[in-house]
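Here's a quick briefing for anyone meeting this structure for the first time. Take a look at the chain below, then read on for the main points.

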Amino acid sequence: MTVCRVRVSSAGRALLIAVLVLISVPEILPQSTLSKAPLLRPNIIFILADDLGYGDLGSYGQRLIKTPNLDQMAREGMRFTQFYAGAPVCAPSRASFITGLHQGHAFIRGNTDLNNQRVALRPQDVTIAEVLKSAGYRTAIIGKWGLGEPETTGIPNRQGFDYWFGYLNQNHAHNYYPDYLWRNEERVTIPPGTYSHDLFTREALSFIRHERAQPFFLYLAYTIPHANNELGRNTGNGMEVPSDAPYSNESWPAQQKNYAAMVTRMDADVGKLFALLKELRLDDNTMVVFSSDNGPQGKDEGGFDPAFFNSNGSLRGIKRELYEGGIREPMIVRWPGRIKAGRTSEHVWASWDFLPTAAAIAGAKPPRGLDGISMLSVLVGRERPEPRFLYWEFHEGGYAQAVRLGRWKAVRRLGAALEIYDLKVDLQESHNLAAAQPEIVRRMERIMKQEHIESEHWPTSQAPR
């Protein structure tokens, strides 16, 4: 074998080294921050609350519930004002997040199908965990799953997660003092009197400590502040929490004090997570995201009154509705040195965009055919709003569809005419402009028709045409 040697001057060597360094860094950051790029791919932590409304955090206008740690996260990161959940209830919302598909294409489109059966993810459904695992990440979910019952193809360990601890079944997750939880594929007995939320925080901190030497993805799916529905039906107060502190002396109804205490308890645990990241010197190399799976629950779930705290941020609608209050969610992203602190963005995006965003951050290749697109350029300050629409459908209590297209929002419920709202001037969706906007109506109807693929589990023969 002949070895060819080339003499390079010291200046040439310096130039060559500089070029090699630049091309070795993934092009995910603005040029001004390339010198700060971490040697390892960033850790990614996605914290998902359950039934937390758009207006429940101080950084989103809440005045009564204390959320100091999440408010600090917003000050140190980026706050989005037009971020949307995948659906207005649990399982379909999480399915869209985990697979990068909106509800016209996702396999799971309801908590149960029209025959009241639970539907599990299939082997061919590609999840965010599988994508990140292919890029060398350790993956975990802790908390609430809802996308596959025991021994089905939908359990987390068969969908790309290396570690799993929590509730498989969303109804089981209503009980904050369970007899058992799942650790991987093992059913684990829980000591009486153990508040499950506290276990989730402990498990999350343990996972971070254990995996700190390599890139990891942690999906921390808290159950707070979802009500214990059965307890609510029996007692009128399903907001289950060990103590209503620091609101014990407030002259509020018990349900409201408990709800606020649940949110503040979660906020304190988010603070513990950030403290650990700093202790382990992982803070600068970890992107932490916080959001919720759908809008706030109504009075029929635990006795909680969302109007008391303006939990939907004074938007129209709550959980199980495709109006803004049912699907617009708080969204905070913190990534020191990469995301400029204190920014607020009106960029419109949805939970199904997170899979391709995480893939871009990790240098992974997302699957083809996703509805989501990467928002990395928006996160790092190269915001390039693209003309696109967002699409939803909902199958509980009849079929409904919604579309967001620029300033326009369309909603159509079973048996009703299409409604058109101009969100730029009518955020409360109180003035239906369908009669005055026939071209917008036609565009929205075309999108609704083209984006829906019929589902064997959620057939829409009764759908409005």
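**The chain at a glance**

Of the 465 residues in the chain, 59% are buried. Keep in mind as you read that this is a predicted model. We'll start with the whole chain, then zoom in on one strand and one residue.

**Overall build**

- You'll find 11 helices and 15 strands in the chain.
- The chain's radius of gyration is 23 Å, close to the 23 Å that the globule rule gives for 465 residues, so the chain is as compact as a globular protein of that length.
- If you lay the C-alpha trace along its principal axes, it spans about 80 × 60 × 45 Å.
- Take the contacts between residues at least 6 apart in sequence: 67% of them join residues at least 24 apart.

**Surface and charge**

- About 19700 Å² of the chain is exposed, and carbon and sulfur atoms supply 51% of that area.
- On the charge side, there are 53 positive and 50 negative side chains.
- The centres of those two sets lie 8 Å apart.

**Strand E1, wrapped up on both sides**

- Strand E1 covers residues 43-49, and 7 of its 7 residues are buried, so the strand is largely enclosed by the rest of the structure.
- As background, side chains in a regular strand alternate between the two faces of the sheet.
- In E1, both faces are covered. One side carries Asn43, Ile45, Ile47 and Ala49, the other carries Ile44, Phe46 and Leu48, and all of these are buried.
- E1 runs parallel to E8, and 7 bridges join the two. Within that pairing, Ile44 has Met287 of E8 as its bridge partner.
- E1 also pairs with strand E7 (residues 216-221), again in the parallel sense, over 5 bridges. Here Phe46 stands opposite Tyr219 in E7.

**Phe304, tucked into a loop**

- Where does Phe304 sit? Look in the loop between strand E8 (286-292) and helix H8 (324-327).
- Is Phe304 buried or exposed? Its relative accessibility is 0%, so Phe304 counts as buried.
- Leaving out residues up to four places away in sequence, Phe304 touches Met239, Gln255, Gln256, Tyr259, Gln297, Gly298, Lys299, Phe309 and Ser311.
- For a sense of distance, try Phe107: Phe304 and Phe107 are 197 residues apart along the chain, and their C-alpha atoms are separated by 31 Å.

Terms used: Residues are numbered from 1 along each chain as its sequence is written. This is a predicted model: local features need pLDDT of at least 70, side-chain atom pairs count only at pLDDT 80 or more; totals for chains, interfaces and linings use all residues. Side-chain values use heavy atoms; hydrogens and water are left out. Helices (H or I, at least four residues) and strands (E, at least two) are DSSP runs, numbered from the N terminus. Buried means under 20% relative accessible area, exposed over 50%, partly exposed in between (1.4 Å probe, protein chains only). Contact means heavy atoms within 4.5 Å. The radius of gyration is taken over C-alpha atoms; the globule rule is 2.2 Å times the number of residues to the power 0.38. Accessible areas come from the Shrake-Rupley method with a 1.4 Å probe; for residues, only the protein chains shown count as cover. Lys and Arg count as positive and Asp and Glu as negative; His and the chain ends are not counted. The place of a charge is taken as NZ of Lys, CZ of Arg, CG of Asp or CD of Glu. Two strands pair if DSSP finds at least two bridges between them.
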